[in-house]
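The following exercises concern a single protein–ligand model. Each task is followed by a solution that proceeds step by step.

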Amino acid sequence: MSTEPDVVLIGAGIMSSTVGVFLKELEPSFSIAIFETLQDAALESSEAWNNAGTGHAANCEMNYTPERPDGSVDISKALEVNVEFDLSRQFWTYLVKKGAVADPRSFIHPVPHMSFVHDAGNVAFLKKRYAAMSAHHCFEGMEYSESGGQIADWVPLVMEGRAADEPAAITRIISGTDVDYGALTHHLVHHLVAQPGCSVHYKTRVTHLVRAENKRWRVEVQDLDSGEMRSVTAKFVFIGAGGGALPLLQKSGIPEGHGYAGFPVSGIWMRCDDPAINKRHHAKVYGKAAVGSPPMSVPHLDTRVIGEQHSLLFGPYAGFSSKFLKHGSLLDLVESIRPANVKPLLSVARDNFDLTEYLIEQVLQSESHRLATLDEYYPKAEPKDWRLQVAGQRVQIIKPDVKRGGLLEFGTELVGASDNSLVALLGASPGASTAAFIAISVLQKCFAGELTGQAWLPKLKEMIPSYGISLINDASFTRKIRTETARVLKIEDVNSKPMQEKDRTAAAR
Ligand SMILES: Cc1cc2nc3c(=O)[nH]c(=O)nc-3n(C[C@H](O)[C@H](O)[C@H](O)COP(=O)(O)OP(=O)(O)OC[C@H]3O[C@@H](n4cnc5c(N)ncnc54)[C@H](O)[C@@H]3O)c2cc1C
């Protein structure tokens, strides 16, 4: 490995690997080194069971469509998230066409996305939401039903055992997906390190980031087997370290990172691997979040396809752990406290009492409480068919705010040096689904000059044909892109003939 790579990527998860592939495709002469603490890629949040695998396109997540004070439904956030997922679909399509991923079924499967509610107030909300969304071309093909018979046809497990007069409603969009982000990360890392000048270094922790000469960064690393310390210097550093990004941002000492803090939220799923049950549910069914719960704690009953295994996942049950990574240290939170972020931390604690209460309640939940929540989505669920599965950690961003002292954010944010030589990705929502959007944002922020040049722009348009076009405004381009990406990725397209059952479930059972 060169001791002077052009680019250092910290962490071998979906974000670093996506940024790395974009950079290498656009600038084949770049040398790139990835450093990863663990023994393989995608063992933290990007690992299949550490996240829910939803290809978040805002089809079913009701937290992206808040009700305005006048009762109308605001779909602007849902549209943003929806077209961000189109960027990922185009990037993955490019990789499949190029042969970098042999079979899209190794990481993505068609699974309808649904929103389900079962009380009169929420039925009225879902109906309004459906009217607002289905009128926009980005959500065309969305279906709505209040009929028990129709809902039972789409999701039998959700309806069995319910009183016939219980109000219920559902929306469905068949073009939804389940994505194994762990498998995808492996494809990306393999593709990257197979190219000249690229390498990945496992069991190697980045310990310090120091400004070096010639506008480079000295990246100090420790070999976790031998304990040996060494360093490389790079022109550009991407801190894609998931929950480990905040401490590294702090170590870089860039003033742009001052005052940031992190709030870790842990998660648990319930998981069912019984084929007799799982074959009767083919959907990701999202409900409404409980009062005070963070937006990413919306309960959902999901089909998961991981390798050859078809399972059901329910959850998440959020919790609190002071670790920033699943394989992290209980001291992570305490060690991240600095004089500059004490005020933001205290302000967030003061202003988010609902959330604190919710997390404490979740941590204290017994098995019977967990099953009661599952019953709301699967009334006939039997405890013996389910087991617990620990999910990944998410570190929510706490940022300084002049007015309130500090703000708790549930999205993601790129925080970078003013000379664009280093950038860290903080936060985790909507997450892996928007990795291509994040990578493009990194390019726009840190490689703006190259991006407008003759070499990079045509290549980027080859990778992302919609680059520079608003899919929110251009209906015919959206349809064209979706039909093409659905064809290559072997997923459903609302404007094409639905897949045959055997094609839809191929490799899933
Ligand atoms: C419960 C849960 C459910 C989720 N559901 C979804 C979903 O349905 N859909 C979706 O799109 N997203 C979802 N997400 C979010 C998604 O998992 C993350 O956004 C995504 O995996 C983050 O990828 P990453 O590469 O940034 O981080 P990670 O995958 O965590 O990778 C970071 C890597 O950096 C390494 N690292 C850390 N510190 C260092 C260091 N100092 N030196 C070297 N290496 C280091 C870590 O070991 C790790 O391998 C979910 C997340 C959680 C926790």
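A polar contact is a pair of N or O atoms within 3.5 Å. The model is predicted, and every value below is computed from it.

**Exercise 1. Polar contacts of the ligand**

Determine which polar atoms of valine 206, histidine 56 and serine 433 pair with the ligand, and at what distances.

Solution.
Step 1. Begin with the backbone: a polar backbone atom of valine 206 is 2.9 Å from a nitrogen atom of the ligand.
Step 2. Turn to the side chains. Histidine 56 places a polar side-chain atom 3.3 Å from a nitrogen atom of the ligand. In serine 433, an N or O atom of the side chain is 2.5 Å from an oxygen atom of the ligand.
Step 3. Consider the surface of the ligand: taken alone it exposes 1000 Å², of which the protein buries 96%.

**Exercise 2. Composition of the shell**

How many residues surround the ligand, and which elements supply at least two residues of the shell?

Solution.
Step 1. The ligand is surrounded by 39 residues. The closest are Glu36, Ser46, Thr54, Val206 and Ser433.
Step 2. By residue class, the shell divides into 17 nonpolar, 18 polar and four charged residues.
Step 3. By element, helix H1 (14-26) and strand E9 (204-211) each supply at least two residues. The largest share, three residues, comes from E9.

**Exercise 3. Alanine 12 and alanine 42**

Is alanine 12 buried or exposed, and how far apart are alanine 12 and alanine 42 in sequence and in space?

Solution.
Step 1. Alanine 12 is located in the loop between strand E1 (7-10) and H1.
Step 2. Its relative accessible area is 2%; the limit for a buried residue is under 20%, and alanine 12 is therefore buried.
Step 3. The separation from alanine 42 is 30 residues in sequence, whereas the C-alpha atoms are 6.1 Å apart in space.
Step 4. Beyond four places in sequence, alanine 12 touches Ile34, Phe35, Glu36, Ala41, Ala42, Thr185 and Tyr202. Glu36 is also among the closest residues to the ligand.
Step 5. Alanine 42 itself belongs to the loop between strand E2 (32-35) and helix H2 (76-98). Alanine 42 counts as buried because its relative accessibility is 5%.

**Exercise 4. Backbone geometry**

What is the sign of phi at alanine 42 and at lysine 203, and what kind of peptide bond joins glycine 315 and proline 316?

Solution.
Step 1. Recall the general expectation: most residues other than glycine have a negative phi, and most peptide bonds are trans.
Step 2. Alanine 42, although not a glycine, has a positive phi of about 55°.
Step 3. Lysine 203, also not a glycine, has a positive phi of about 50°. Lysine 203 lies in the loop between strand E8 (198-201) and E9, and is partly exposed, with a relative accessible area of 34%.
Step 4. The bond between glycine 315 and proline 316 is cis, with omega about 0°. Proline 316 is part of strand E16 (residues 309-319).

**Exercise 5. The surroundings of serine 145**

Where is serine 145 placed, and which residues beyond four places in sequence are in contact with serine 145?

Solution.
Step 1. Serine 145 is in strand E5 (residues 143-145).
Step 2. With a relative accessible area of 8%, serine 145 is buried.
Step 3. A polar atom of its side chain lies 3.0 Å from the backbone nitrogen of serine 147.
Step 4. Beyond four places in sequence, serine 145 is in contact with Gln150, Ile151, Trp154, Ala168, Ala169 and Ile170.

Note on methods. Residues numbered from 1 in each chain as written. Predicted model: local features only at pLDDT ≥ 70, side-chain atom pairs only at ≥ 80, totals over all residues. Heavy atoms only, no water. Helix = DSSP H or I, 4+ residues; strand = E, 2+ residues; numbered from the N terminus. Buried < 20%, exposed > 50% of the residue type's maximum accessible area, 1.4 Å probe, protein only. Polar contact = N/O pair within 3.5 Å; in protein donor to acceptor, adjacent residues only side chain to side chain. Contact = heavy atoms within 4.5 Å. Near = heavy atom within 4 Å. Areas by Shrake-Rupley, 256 points an atom, 1.4 Å probe, with all protein chains shown as cover. Nonpolar A, V, L, I, M, F, W, Y, C, P; charged D, E, K, R; others polar.
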